[in-house]
Amino acid sequence: MAFDDLRSFLETLDKEGQLLHVTDEVMPEPDIAAAANAAARMGESAPALYFDRVTGFTDARIAMNVHGSWANHALALGLPKETGTKDQVDAFIRRWADFPVKPERRDDPPWAENTMDGDEADIFQVLPLIRLNDGDGGFYIDKAAVVSKDPDDPGNSDKQNVGIYRIEVKGRRRLALQPVPMHDIAQHLHKAEEAGEDLPVAITIGNDPVISIVASTPMKYDENEYELAGALRGAPAPVTAAPLTGLPVPWGSEVVIEGVIEGRKREIEGPFGEFTGHYSGGRSMTVIRIDRISHRSRPVFEHLYLGMPWTEVDHLIAASTCVPLYQQLKKDFPEVQAVNAMYTHGLVVIVSTKKRYGGFAKAVGMRVLTTPHGLGYAATVIVVDEDVDPFNLPQVMWALSTKMNPAGDLIQIPNLPVLELAPQAAAPGIVDKLVIDATTPVAPDRRGNYGNQVHDLPETAAWLERLQQLAAGR
Amino acid sequence: MSAPTTVCPRCAHPAVENVFTSPVPGAWDVLQCRQCLYMWRTSEPARRTRRDAYPDRFKMTRADIDNAIEVPAVPPLREPAG
């Protein structure tokens, strides 16, 4: 089933036993972040958390860890909560085949009920903001879907963007936003700033769960996120025009903030504990002026804790990073079987492939580096044989243990681009990248002493099923 | 609740502004440093709110602010057409 807003998804999580309502009164800090941090340590079926008694607030509703486990990610996609990781990635791939599904324009969004304009706008009056990690420079909004258009081609809906970016609250109507140069909004801002203009943005908070997934999917510049949402939901995504900017925003959001990134202005921002598991330092970053806030009555603030991996963000961007890389590789190399790019948004990528001829696996590995997402990520690429499941790390380690000879299987390419947040870079934004060929050499590459590999017996699959039935019947 | 902090825990600047006060009176205030823009709630643990308990590794100086790199860099203005 398709969820049109966050509230209906929270109801489903509750029914499925995947929403934990914390009824005790808690402190805004450090309790809520610490609880969300702890939820991430509960394993594959960790619940979302819901708080509505927060010290000092009279009317706070805060949802954390909504995508924070494979069980919740499955429910977001309308799959049974027991669905395994690779099966979720496979479902994502199958549904992508329906892309693009045009969004549906829907009137009377519930967030139009309440508005604040100009100097009246005060984000603190609307959201029960909370701080996350000790070294953070302030209050962050880190799960909002931010909408912008290409200033040189504003009528082209394919070039519009819906993305999740880190946003720091700098004042009642002042924010900072981090446009990583590899991400689409940075291209929009670059064009606006070259022309000496501001970039209008709509920041949408508390969305249906598929909007959060597509907003964090590294799609191509001219691919429309709402059209992917339609494919993943199996129904057009409901959108509506934001009242001030006209930007297309989700119909079901809890809060819609409109304003501009002020052109050619920068101001100290951060640090912030990032998805890399490290703080970014204080940098001079963009400034957003809030011009209008629209919100539902009794809005739910959906927020995301991120820290030492894995936390919610890793689940949110796991499948959504694997799938576009798989699609792009498969297009050029049909031999590619599967792509696991779920470690730190694809700073490590594992690809399984058949080999056309000797050296082919290395070529596939190098192609990863030149995909749009690989440009800013993919610091290490591991290529494994077609019978190795890249989501099965013990199998990947077996491949590294036996198929990889450093003498000929490590390709280090100097001074390639990487996102500035990658802490291992020599200088921020520049890193050597590594392709590890952990496949069995094929002719004319005759290195190694492989002889014959042992495979599962032909009868093993049937026996596995039989044993599972026997075990279930005990 | 009045602000118990007289200086910014992070950069020790003396100018600190009250940004928001708890809807439940007396519970907490949100404060912001005018120099480094650090923002915090007075009810947070001492390690986040008091200069003497604030970890050295998170401290910031005027020089850190002045030398912070631009993300992203501001591009040159486009030449006018024609």
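**P390 and its surroundings**

I started with P390(A), which is buried, with 25 other C-beta atoms within 10 Å. My cut-offs: buried is 20 or more other C-beta atoms within 10 Å of the residue's own, exposed is 12 or fewer, partly exposed is in between, and the C-beta atoms are placed from the backbone. Before going on, I note that this is a predicted model, where local features need pLDDT of at least 70, side-chain atom pairs count only at pLDDT 80 or more, and totals for chains, interfaces and linings use all residues. Residues are numbered from 1 along each chain as its sequence is written, and chains are lettered from A in the order in which they are written.

P390(A) sits in the loop between β22 (380-385) and α13 (393-403) of chain A. Helices (H or I, at least four residues) and strands (E, at least two) are DSSP runs, numbered from the N terminus. Leaving out residues up to four places away in sequence, I found P390(A) touching A338(A), V339(A), N340(A), I350(A), V351(A), S352(A), V384(A) and V396(A). Contact here means C-beta atoms, placed from the backbone, within 7 Å. V351(A) is 39 residues away along the chain, yet its C-alpha is 6.3 Å from that of P390(A).

**The β20-β21 loop**

Next I checked phi in the loop between β20 (336-343) and β21 (348-353) of chain A, where T344(A) lies. T344(A) is not a glycine but has a positive phi of about 55 degrees. H345(A), in that loop too, has phi near 60 degrees. Most residues other than glycine have a negative phi, and most peptide bonds are trans. T344(A) counts as buried because it has 21 C-beta neighbours inside 10 Å, and H345(A) does so with 24.

**Cis bonds**

I then looked up omega. The bond joining G270(A) and P271(A) is cis, at about -10 degrees, and P271(A) is in the loop between β15 (267-269) and β16 (272-273) of chain A. The bond from P309(A) to W310(A) is also cis, with omega near -5 degrees.

**Two domains of chain A**

The domain assignment, automatic or from a database, gives domain 1 (6-315) and domain 2 (318-438) of chain A. The contact takes 24 residues from domain 1 and 22 from domain 2. Which element gives the largest share of the domain 1 side? It is α4(A), with seven residues.

So I looked at how helix α4 (residues 85-96) packs on helix α10 (residues 319-332) of chain A: the angle is about 50 degrees and the axes are 9 Å apart. That makes α4(A) oblique to α10(A). Axes are lines fitted to C-alpha atoms, for helices over the stretch in contact, and angles run from 0 to 180 degrees between N-to-C directions. Under 35 degrees is roughly parallel, over 145 roughly antiparallel, 65 to 115 roughly perpendicular, and the rest oblique. Q88(A), V89(A), F92(A), I93(A) and W96(A) in α4(A) meet A319(A), C322(A), V323(A), Y326(A) and Q327(A) in α10(A). By class, this contact has eight nonpolar, two polar and no charged residues. Ala, Val, Leu, Ile, Met, Phe, Trp, Tyr, Cys and Pro count as nonpolar, Asp, Glu, Lys and Arg as charged, and the others, Gly among them, as polar.

**Chain B on chain A**

Last, I looked at the chain contact: 32 residues of chain B touch 36 residues of chain A. β3(B) gives the most to the chain B side, with three residues. That side divides into 23 nonpolar, two polar and seven charged residues.
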